[in-house]
There are 2 protein chains.
Amino acid sequence: MMVKQGKGPGHCRCINTKMERFLEPCLLVLLAEQPSYGYQLMEQLAESSMAEEAPDAGLVYRTLRRLEEAGVIESTWDTGGAGPARRQYTLTDGGRDYLAAWEVNVQRTIAKLQGFLNRYDKVKQAFQTERE
Amino acid sequence: MMVKQGKGPGHCRCINTKMERFLEPCLLVLLAEQPSYGYQLMEQLAESSMAEEAPDAGLVYRTLRRLEEAGVIESTWDTGGAGPARRQYTLTDGGRDYLAAWEVNVQRTIAKLQGFLNRYDKVKQAFQTERE
DNA sequence: TAATATATATGACGCATGCATATAGCGAGG
DNA sequence: CCTCGCTATATGCATGCGTCATATATATTA
């Protein structure tokens with residue numbers, strides 16, 4: 001399947017909360033379910049609720065390299081199927097721990113974001129009554 | 001009040017989901033409540049549930065400059081009180097719209113993070129039963 | 001055989017962040 | 001009186017991530 005990459009030059013200057021390295025836990029949780037390949041992970045991520053669009057391919061491959069170097073995942077070349085050879089990645093035991101660390105991190109992040117929303121809801125109500 | 005800045009060289013190489021420009025809506029929502037100053041905003045943010053520690057001072061001032069240049073906030077010098085002169089910032093009408101845009105953005109971000117947590121919860125359970 | 005999809009990889013660039021540092025006013029204490 | 005520390009703002013520099021462009025190779029389809 002051809003993966004649409006919602007990009008294009010001058011995509012937009014509007015605000016968007018990029019989360020640094022959030023691609024990491026996304027890839028890892030997919031690999032925790034089953035071994036996969038870089039390109040396939042890109043597809044899986046695009047279909048998941050963890051992303052709205054397919055991530056940049058270059059970033060995916062670079063991230064996988066970094067994770068492998070850190071011993072979080074392992075790869076073996078798969079020349080069996082049709083098409084060019086591809087790396088099959090699997091999560092290591094250390095990878096499970098790393099993923100668990102990401103969980104608490106994401107929880108903390110949600111707490112902060114929710115902290116903003118709660119605070120904003122109050123001023124929004126104040127703006128409402130102010131207009132009356 | 002002296003603001004503790006949880007930093008220090010080699011702070012840590014551990015994972016942490018930094019959210020790009022999330023400082024913006026944090027500052028803006030505080031200014032939506034009441035006008036304030038750069039240094040004070042830093043204190044207020046440190047005490048709020050939107051951050052665990054005081055943000056980098058340099059980043060705060062730079063962000064305020066950028067927001068002012070964008071017409072989202074306005075500033076006037078306040079030489080009245082004790083201590084050095086300080087800029088008092090206020091939210092503009094355009095700032096309210098900008099803040100509203102941030103809200104939907106933060107909601108989308110939470111959705112993605114929650115998407116990860118939901119997915120991870122399932123594999124965590126699988127790991128549990130696997131161990132039995 | 002030309003074009004497209006699959007599949008991986010790398011170079012270049014911009015930008016936000018983190019840390020260090022500079023400047024200056026003012027209050028407290030020795 | 002003079003130094004130290006807090007308040008307050010501002011800027012320089014290095015790093016790292018993400019975005020975009022590009023390169024390469026294989027298999028399928030027109």
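## Exercises on a predicted two-chain model

B:S75 is partly exposed, with 17 other C-beta atoms within 10 Å. The model is predicted.

**Exercise 1. Place B:S75 in its surroundings: in which strand is its place, and with which residues is it in contact beyond its neighbours in sequence?**

Solution.
- Start with the burial class. Buried needs 20 or more other C-beta atoms within 10 Å, and exposed needs 12 or fewer. B:S75 has 17, so it is partly exposed.
- Next, the element. B:S75 lies in strand β2 of chain B.
- Now the contacts. Set aside the neighbours within four places in sequence. B:S75 then touches B:E68, B:R87, B:Q88 and B:Y89.
- Last, a distance. B:A32 is 43 residues from B:S75 in sequence, and their C-alpha atoms are 14 Å apart.

**Exercise 2. Work out the sheet of chain B: what is the strand order, and which strands are at the edges?**

Solution.
- Take the order. Three strands form an open sheet, β1-β3-β2, with antiparallel pairing.
- Find the edges. β1 (36-37) and β2 (73-78) of chain B each pair on one side only, which makes them the edge strands.
- Count the bridges. β2(B) is joined to β3 (residues 86-91) of chain B by six, and the two run antiparallel.
- Pick a pair. B:W77 faces B:R87 in β3(B).
- Add the first helix. α1 (residues 23-33) of chain B packs on the sheet and touches β1, β2 and β3 of chain B. The direction of α1 makes about 85 degrees with that of β3(B).
- Add the second helix. α3 (residues 57-69) of chain B also packs on the sheet, touching β2 and β3 of chain B. Here the angle is about 120 degrees, taken against β2(B).

**Exercise 3. Outline chain A: how many helices and strands does it have, and in what order do the elements run?**

Solution.
- Count the elements. Chain A has four helices and three strands.
- Read from the N terminus. The elements run α-β-α-α-β-β-α.
- Check burial. Chain A has 132 residues, and 28% of them count as buried.
- Check contact range. Take the contacts in chain A with a separation of 6 or more. Residues 24 or more positions apart account for 52% of these.
- Pair the strands. β1 (residues 36-37) and β3 (residues 86-91) of chain A are antiparallel over two bridges. A:Y37 has A:Q88 as its bridge partner in β3(A).
- Finish the pairing. β2 (residues 73-78) of chain A and β3(A) are antiparallel over six bridges. In that strand β3(A), A:Y89 stands opposite A:S75.

**Exercise 4. Examine α1(A): how many of its residues are buried, and at what angle does its axis cross that of α3(A)?**

Solution.
- Start with burial. In α1(A), 10 of the 11 residues are buried, so the helix is largely enclosed by the rest of the structure. Among the buried residues are A:P25, A:C26, A:V29 and A:A32.
- Now the crossing. The axes of α1 (residues 23-33) and α3 (residues 57-69) of chain A come within 10 Å and cross at roughly 75 degrees.
- Classify the angle. Angles of 65 to 115 degrees count as roughly perpendicular. That is the class of α1(A) relative to α3(A).
- Name the contact. α1(A) gives A:L23, A:E24 and A:L27, while α3(A) gives A:L59, A:T63, A:L64 and A:L67.
- Sort these residues. Five are nonpolar, one is polar and one is charged.

**Exercise 5. Describe how the two chains meet: which element gives the largest share of the side of chain A that touches chain B, and what turn lays chain A on chain B?**

Solution.
- Count the residues. 36 residues of chain A are in contact with 36 residues of chain B.
- Find the elements. On the side of chain A, α1 and α4 (93-131) give two or more residues. α4(A) has the largest share, 19 residues.
- Sort the side of chain A. It divides into 20 nonpolar, eight polar and eight charged residues.
- Superpose the chains. A turn of 180 degrees and a shift of 0.0 Å along the axis lay chain A on chain B, with an RMSD of 0.0 Å. This is the relation of a two-fold axis.
- Locate the axis. In chain A, A:M19 comes closest to the rotation axis, at 2.3 Å (C-alpha).
- Compare the surfaces. The same surface serves both copies, as 100% of the contact residues of chain A recur in chain B.

Notes: Residues are numbered from 1 along each chain as its sequence is written. Chains are lettered from A and ligands numbered from 1 in the order in which they are written. This is a predicted model: local features need pLDDT of at least 70, side-chain atom pairs count only at pLDDT 80 or more; totals for chains, interfaces and linings use all residues. Axes are lines fitted to C-alpha atoms, for helices over the stretch in contact, and angles run from 0 to 180 degrees between N-to-C directions. Angles under 35 degrees count as roughly parallel, over 145 as roughly antiparallel, 65 to 115 as roughly perpendicular and the rest as oblique. Two residues are in contact if their C-beta atoms, placed from the backbone, lie within 7 Å. Ala, Val, Leu, Ile, Met, Phe, Trp, Tyr, Cys and Pro count as nonpolar, Asp, Glu, Lys and Arg as charged, and the others, Gly among them, as polar. Copies are superposed by least squares on the C-alpha atoms of residues with pLDDT of at least 70 in both. Two strands pair if DSSP finds at least two bridges between them.
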